[in-house]
Structures are given as structure tokens and as C-alpha cells.
Amino acid sequence: MATLHNTLISFQSKIPLSARTSRNHVTANLSFSATFPSIKLAGTTLTRSRGGAVMMSSSAASSYAAALADVARRNNTLDSTAADVEKIENLFSYPDVLDFFVNPTVDIEEKRKFLDDIAKSSGLQPYSVNFLNILIDSRRISLIKEIVKEFEMAYNNLTDTELAIVTSVVKLEPEHLTQIAKQVQKLTGAKNVRIKTAIDPSLVAGFTVSYGNTGSKLIDMSVKKQLEDIASQIDLGDIQLVG
């Protein structure tokens with residue numbers, strides 16, 4: 001991942017200012033290469049954003065994610081594909097990278113060249129790269145973040161996996177994450193548990209764990225929560241301020 005990070009830093013310094021303005025273009029036809037089956041975007045609707053740009057509904061992202069998950073399932077590569085999707089999520093978390101790929105003024109061959117560099121530095125599987133090229137060619141790369149979320153849900157359903165997001169002030173040790181995963185597994189009864197981590201200094205200390213289909217279930221072991229609980233129990237009417 002360090003190599004990927006260095007590639008991104010090098011790339012960002014070379015992006016012309018004109019290429020950082022993103023625009024969303026939608027084409028009418030969809031076709032997948034031989035690696036991916038053709039898909040029909042049933043129920044897909046077009047809406048217009050405040051700025052007038054045409055946007056697609058999330059059903060398109062669902063269709064692409066389902067196609068990727070199906071290919072991975074049939075080739076027994078669900079786990080390695082999920083690992084690739086995490087790398088892709090990290091790649092497109094850089095705003096300049098996303099702007100570059102969705103910018104219609106940037107030549108497609110230039111986008112492919114950069115994608116090849118990323119694939120080599122991060123070890124993406126060939127069909128994962130092929131999938132991204134399909135999105136670039138059909139100008140659907142703007143949906144990548146939605147596709148990542150939809151793929152994660154498809155993967156979790158196919159493998160009976162519960163996704164848990166652990167947020168802490170500092171990076172937790174692997175053994176602590178393992179203990180958290182076991183606790184989530186016990187609570188949910190899931191066959192597998194995947195852990196994602198995030199850093200939030202506002203927690204002061206401790207950690208939180210969100211899980212469930214929408215991340216609505218929460219285990220809050222943070223000092224911030226404890227301080228809020230203490231504050232809520234204080235009767236301010238009994239406190240006199242002496243100035």
C-alpha cells in the first residue's frame with residue numbers, strides 16, 4: 001500500500017488544474033466485455049442535479065456491483081475480489097483521483113494508463129482492472145463509491161459476513177480487533193466478521209463499533225460517551241456559579 005500511496009502522490013502533483021473539475025456524463029448504452037455478462041439496468045432512472053448535470057439512480061450501481069460479485073462467485077474469488085474492492089475504495093477516496101477519472105475532457109487512454117500504473121503498484125487482479133476499464137469506457141466511473149457499498153452488501157450476503165466499523169482515537173492492536181470481531185460475531189450470529197477501522201480524535205479515548213445492514217447498531221465504549229452520560233446526570237439546578 002505504501003507503493004500505491006507514493007504513486008497517488010506522484011500522480012496528484014501532475015494533474016492539470018483543468019482536469020480537476022469533475023462532470024458527470026451518462027451514455028445510453030451498456031455493454032460488458034467477455035469477462036462480464038451483459039446486464040440490464042432495470043428500474044434505472046435519470047435525475048437532474050441542482051447544477052443541471054444528469055445523474056443516475058443507485059440501481060445502476062447495484063447492477064454493476066451484482067455483476068462483479070457474480071463473476072467473483074463463479075470463479076471462487078470472492079475474498080480476493082473483496083480485497084481489491086477495498087483497494088479501489090482507498091484509491092477513489094482521493095478527491096483529485098475521482099475528479100480525474102470522471103472528467104470528460106481527459107482522454108480515456110490517459111485514464112487507462114494511470115489505471116495500469118495503479119494496478120501494478122497495488123496488485124489488483126486482471127478482472128478487477130477490466131471492471132474499472134468498463135466503468136471508464138461507459139462513463140460510469142462516477143458511480144464507483146456507490147458500487148463499492150453495493151458490492152460490500154452483496155459480498156456480505158453471499159458469505160454470511162457481518163461488517164463492523166471500529167472507530168478509535170488511535171490505531172488498535174490486531175488482538176484487540178480480533179476480540180471485537182468475536183464479540184460482534186456472538187451478538188449477530190454471523191459466520192464471518194469483517195472489520196474496518198477509522199480514526200476519530202473526538203472520542204478522547206476508547207472506541208465505538210457500528211454494525212448491522214445500515215450501521216445503525218452501536219457499541220459505544222468511548223470516553224466521550226462516558227463524559228456525555230455523566231453530564232446528562234448532573235442537575236444543573238443544584239450548581240451555583242461563584243464569580
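**A first look at strand E3, its sheet and the helical core**

Glu162 is a good place to start: this residue lies in strand E3. Please keep in mind that the model is predicted. From Glu162 we can move out to a sheet of 4 strands, and then on to a nonpolar core of 40 residues and the aromatic pairs, of which the structure holds 6.

**Two residues of strand E3**

- Is Glu162 buried or exposed? Glu162 has 15% relative accessibility, and because buried means under 20%, this residue counts as buried.
- Glu162 and Asn192 are separated by 30 residues in sequence, yet their C-alpha atoms are 6.2 Å apart in space.
- Asn192 is also one of the residues in contact with Glu162, once neighbours within four places in sequence are left aside. The others are Val184, Thr188, Ala190, Val193, Arg194, Tyr211 and Gly212.
- Ser168 lies in strand E3 too, and it is buried, with a relative accessible area of 4%.
- Leaving aside neighbours within four places in sequence, Ser168 is in contact with Ala198, Ile199, Asp200, Leu203, Gly206 and Phe207.

**The sheet around E3**

- The 4 strands run in the order E4-E3-E5-E6, forming an open sheet with mixed pairing.
- Strand E4 (192-199) and strand E6 (217-220) are the edge strands, each pairing on one side only.
- On average, neighbouring strands of this sheet are turned by 20° against each other, direction ignored.
- Strand E3, residues 161-168, pairs with strand E5, residues 207-211, in the antiparallel sense over 4 bridges.
- To find your way along these strands, look for Ile165, which stands opposite Ser210 in E5.

**The nonpolar cores**

- In soluble globular proteins, nonpolar side chains tend to be buried together.
- Which members of the largest nonpolar core, with its 40 residues, touch the most other members? They are Phe92, Phe101, Leu132, Leu135, Ile141, Ile147 and Phe151.
- The elements giving two or more residues to this core are H2, helix H3 (78-91), H4, helix H5 (108-122), H6 and helix H7 (144-159).
- Take Ile147 as an example: leaving aside neighbours within four places in sequence, its contacts are Ala61, Tyr64, Ala65, Phe131 and Leu135.
- There is also a second, separate core of 8 residues, which includes Ala164, Leu172, Leu177 and Val209.

**Helix H4**

- Why is helix H4 (residues 95-102) described as largely enclosed by the rest of the structure? The reason is that 7 of its 8 residues are buried.
- Those buried residues are Asp96, Val97, Leu98, Asp99, Phe100, Phe101 and Val102.

**Aromatic pairs**

- A pair of aromatic rings is described by the distance of the centres and the angle of the planes.
- The structure holds 6 aromatic pairs. One of them is the edge-to-face pair of Tyr64 and Phe131, at 6.4 Å centre to centre and with 75° between the planes.
- This pair links distant parts of the chain, with Tyr64 in helix H2 (residues 58-74) and Phe131 in helix H6 (residues 126-137), 67 residues apart. Both Tyr64 and Phe131 are buried.
- Phe100 and Phe101 form another edge-to-face aromatic pair, with 5.3 Å centre to centre and 80° between the planes. Both of these residues, Phe100 and Phe101, are buried.
- Phe100 and Phe101 also belong to a cluster, in which ring pairs link them with Phe92 and Phe114.

Conventions: Residues are numbered from 1 along each chain as its sequence is written. This is a predicted model: local features need pLDDT of at least 70, side-chain atom pairs count only at pLDDT 80 or more; totals for chains, interfaces and linings use all residues. Side-chain values use heavy atoms; hydrogens and water are left out. Two strands pair if DSSP finds at least two bridges between them. Axes are lines fitted to C-alpha atoms, for helices over the stretch in contact, and angles run from 0 to 180 degrees between N-to-C directions. Buried means under 20% relative accessible area, exposed over 50%, partly exposed in between (1.4 Å probe, protein chains only). Contact means heavy atoms within 4.5 Å. Rings of Phe, Tyr and Trp (its six-membered ring) pair if their centres lie within 6.5 Å; planes under 30 degrees apart count as stacked, over 60 as edge-to-face and the rest as tilted. A nonpolar core is a set of buried Ala, Val, Leu, Ile, Met, Phe, Trp, Tyr and Cys residues joined through side-chain atoms within 4.5 Å.
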